[in-house]
Amino acid sequence: MKITMNFFNIHRKYYSGFTIWLILLAGVTWGCQEEVSVKIDKSQLLPSPQKVKFREGNAINPAEIETIYLYSEIDEDARFAAELLKGQIQQLFGREADIQVVHSYQDLSLPAVVLGIAAEDSEFAAFSSSLPAPKAENEQSYVLDIAKDLVAISGGGDAGLFYGVQTFIQLMEESKWANQPLSGMIIEDWPELELRWVHYNYFFHLDRFEYLKESIEKLAKYKVNGIVFEFEDRFKYQTQPFVGAPTSLTPEQVKELTYHAHKYHIDIIPLVQGFGHAAYLLKHEELKHLREDPEIYQSFCPLREGTYEFIFDLFQETIDATPGVEYFHVGGDEVRVMGKCSLCREKKEEIGELGLQLTWLNRVQEFMKERGRTLVYWDDMPLKQAGVYKTTYNPADQTFDSVWAEGTKKLGGIIDQFPDDGVYMRWNYRMARDKGNLKILDWYRENNFKAMIATAVIGDYPLIPDYKTMPAYIKSFVTLGAEKEVMGELCTAWGDDSGNHFEIYWLGFLESSEYAWSSKDPATLEQYWEKYIRRFFGPNTEGLIPAFHNLSERVDFWDVGLMEKGNKRRKGYRLKSLPDFQTVPEEGSWSQHFQP
């Protein structure tokens, strides 16, 4: 049904005189009976919105939306959000909605969606004055209002407007699946953690370039806003061409990916290791002179100028290929060899391993600061060198207080050498509420250091995640991060040589975004599983959750079954002797012999 009315005035009457609005509505609809509508609980949306309030007697059928209105001070981001919504209406309902720029809210054609940012348009500010305002000073916040035949989405900024559109797309999916209009409601929403990142270790994958773009679009639907893209040797470096593997992405491709991600409010954050985990570089004879130990190519020497001349070339190229991005991840974890070369042995006596680590870190931080990038850094090495790292993943015992007293004394004695504007990434891939892990997060906050937390979909596990434990680990640390008010979270996706495909990461990626956005919902992992399956795979997916767990159990057997020693992913394994089929074995003996 198409009607024209003074929408601005009636919209305000809707809030100040609900009864009058119903009388007017009854006249406009010629006495039609109200349609049955689907009422969407926030537990069906991923991530869960912060507040949902239902409005009885109001509904919209998304299949009948004719127009998407944009405020007059339109920019490219807002236009993209409108185009995205238009495409989803077409895909779900086969209807071509118009996009129109609004210069006055006096006459609008319904059913319609109105998109606006009050801070950028006075007319929209007046139009939406009866709505709750998006959360103050939060560019990612939004308010979504569904009234009779209209939807108004008010963003705290471009990102908030985009996220409001993404939420409405999920609501439209529910309407489509139920074949019913949507009930009236007001959603007030904002994220608890500013940064919601996932990890892509590109060096272990051979995904098509188009698949990368499609994955970005899918991540944005669930309000992920950063991808830590670990290149290793899969970037075609121009200054150091011997580094790049044949399957590397070109700088032009990475730049194209970055621009594509920005449309979806996602940053591509480079991760380029340049201290430890450097075998992909130091294996080359050209760099042998930069090894900390000439016979081991795990780590660079932090005192040789050539280390920085080389690694800064790699940093600069990946910075140039990711324009408009604020952060840069430099790794720095698990440096196995330190203080071994002739330069470092003497210096280590003076400043210790922690001093050597900070020498490297400060040189890198200075480089990043000059280029407008904020350094992100794994935090395990300073904690190990201070003697407190083990307390972050072991239950506290009688030595805890003395270990921490000594450790904080070491950290305090050199704290002025820590970069003060970098981001320290506290990683823990198990249940994260051990006393030491809480202690270090508090220490960061007390000393005004920026911090993030990092979980993992998968680590040293074959083929697929361990679905018995992984979801609980992610929920444990992300919700702790929200309690400690860290900047954000990163859900890592290691694969190493375990044969993982990128598709196995979605369950964990979406869970990390879920709890980073709204840490208290859903309350249980069972509820998250149900939501994930519905949102990601659609309705009518009964039995899929048990199938996931069944696969996990089968992988356990595949990895260690029939093995006398080790597993199928490591050297040195030994198979059990095969049964003798010349004679019939005793019943049950074969299963007992070959059990994992």
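1. Aspartate 397 sits in the loop between helix H11 (380–385) and helix H12 (400–414) of what is a predicted model. Because its relative accessibility is 45%, aspartate 397 counts as partly exposed. Lysine 435 lies 38 residues away from aspartate 397 in sequence, while in space the two are 9.8 Å apart, taken from C-alpha to C-alpha.

2. Strand E6, which covers residues 112–116, deserves a careful look, since 5 of its 5 residues are buried. In a regular strand the side chains alternate between the two faces of the sheet. In E6 both faces are covered, with Ala112, Val114 and Gly116 buried on one side and Val113 and Leu115 buried on the other.

3. The pairing of E6 can be followed to two other strands. Strand E3 (residues 67–70) pairs with E6 in the parallel sense over 4 bridges, and within this pairing threonine 67 has alanine 112 of E6 as its bridge partner. Strand E8 (residues 150–155) also runs parallel to E6 and is joined to E6 by 5 bridges, with valine 114 standing opposite alanine 152 in E8.

4. An antiparallel pairing is found between strand E13 (residues 291–293) and strand E14 (residues 296–300), which are joined by 2 bridges. The connection from E13 to E14 is a hairpin that passes through 2 residues, and aspartate 293 stands opposite isoleucine 296 in E14.

5. Aspartate 158, placed in helix H5 (residues 158–178), is a residue that a reader may wish to inspect. Aspartate 158 is buried and yet has no salt bridge, the nearest side chain of opposite charge being that of arginine 79, at 12 Å. What does aspartate 158 touch, not counting residues up to four places away in sequence? The contacts of aspartate 158 are Tyr71, Asp75, Asp77, Ala78, Ile117, Glu120, Glu139 and His265, with that same sequence limit applied.

6. Elsewhere, salt bridges do occur, and the structure holds 25 of them. One of these joins aspartate 145 to arginine 55, with the closest N and O atoms 3.8 Å apart. Aspartate 145 belongs to strand E7 (residues 142–147) and arginine 55 to strand E2 (residues 51–60), so this salt bridge ties together parts that are 90 residues apart in sequence. Aspartate 145 and arginine 55 are both buried.

7. Aspartate 379 and arginine 426 also meet through their side chains in a salt bridge, at 2.7 Å from N to O. Since aspartate 379 lies in the loop between E16 and H11, and arginine 426 in strand E17 (residues 423–427), the pair ties together parts of the chain that are 47 residues apart in sequence. Aspartate 379 is buried, with a relative accessible area of 0%, and arginine 426 is likewise buried, with a relative accessible area of 0%.

8. The salt bridge between arginine 336 and glutamate 334 has its closest N and O atoms 3.8 Å apart. Are these partners buried or exposed? Arginine 336 counts as exposed because its relative accessibility is 57%, whereas glutamate 334, at 18% relative accessibility, counts as buried. A further group, made up of Glu173, Glu174, Lys221, Arg534 and Arg535, is linked in a network of salt bridges.

9. The aromatic side chains form 52 aromatic pairs in the structure. Among them is the pair of phenylalanine 80 and tyrosine 264, which is edge-to-face, with 4.9 Å from centre to centre and 80° between the planes. Phenylalanine 80 lies in helix H3 (residues 76–93), and tyrosine 264 in the loop between helix H7 (251–263) and strand E12 (267–271), so that the pair ties together parts 184 residues apart in sequence. Both phenylalanine 80 and tyrosine 264 are buried.

10. Another aromatic pair is that of tryptophan 360 and tyrosine 377, which is tilted because the ring planes stand at 45°, with the ring centres 6.1 Å apart. This pair links distant parts of the chain, with tryptophan 360 in helix H10 (residues 342–370) and tyrosine 377 in strand E16 (residues 374–378), 17 residues apart. Tryptophan 360 is buried, with a relative accessible area of 0%, and tyrosine 377 counts as buried at 1% relative accessibility.

11. Finally, two positions bring a basic side chain over an aromatic ring. Lysine 39 lies over the face of phenylalanine 54, at 5.1 Å from the ring centre, and arginine 363 lies over the face of tyrosine 308, at 4.3 Å from the ring centre.

Technical notes. Residues numbered from 1 in each chain as written. Predicted model: local features only at pLDDT ≥ 70, side-chain atom pairs only at ≥ 80, totals over all residues. Heavy atoms only, no water. Phe/Tyr/Trp six-rings, centres within 6.5 Å; stacked < 30°, edge-to-face > 60°. Buried < 20%, exposed > 50% of the residue type's maximum accessible area, 1.4 Å probe, protein only. Lys NZ or Arg CZ within 6 Å of the ring centre and 35° of its normal. Lys, Arg positive; Asp, Glu negative; His and termini not counted. Salt bridge = Lys/Arg side-chain N within 4 Å of Asp/Glu carboxyl O. Contact = heavy atoms within 4.5 Å. Pairing = 2+ DSSP bridges.
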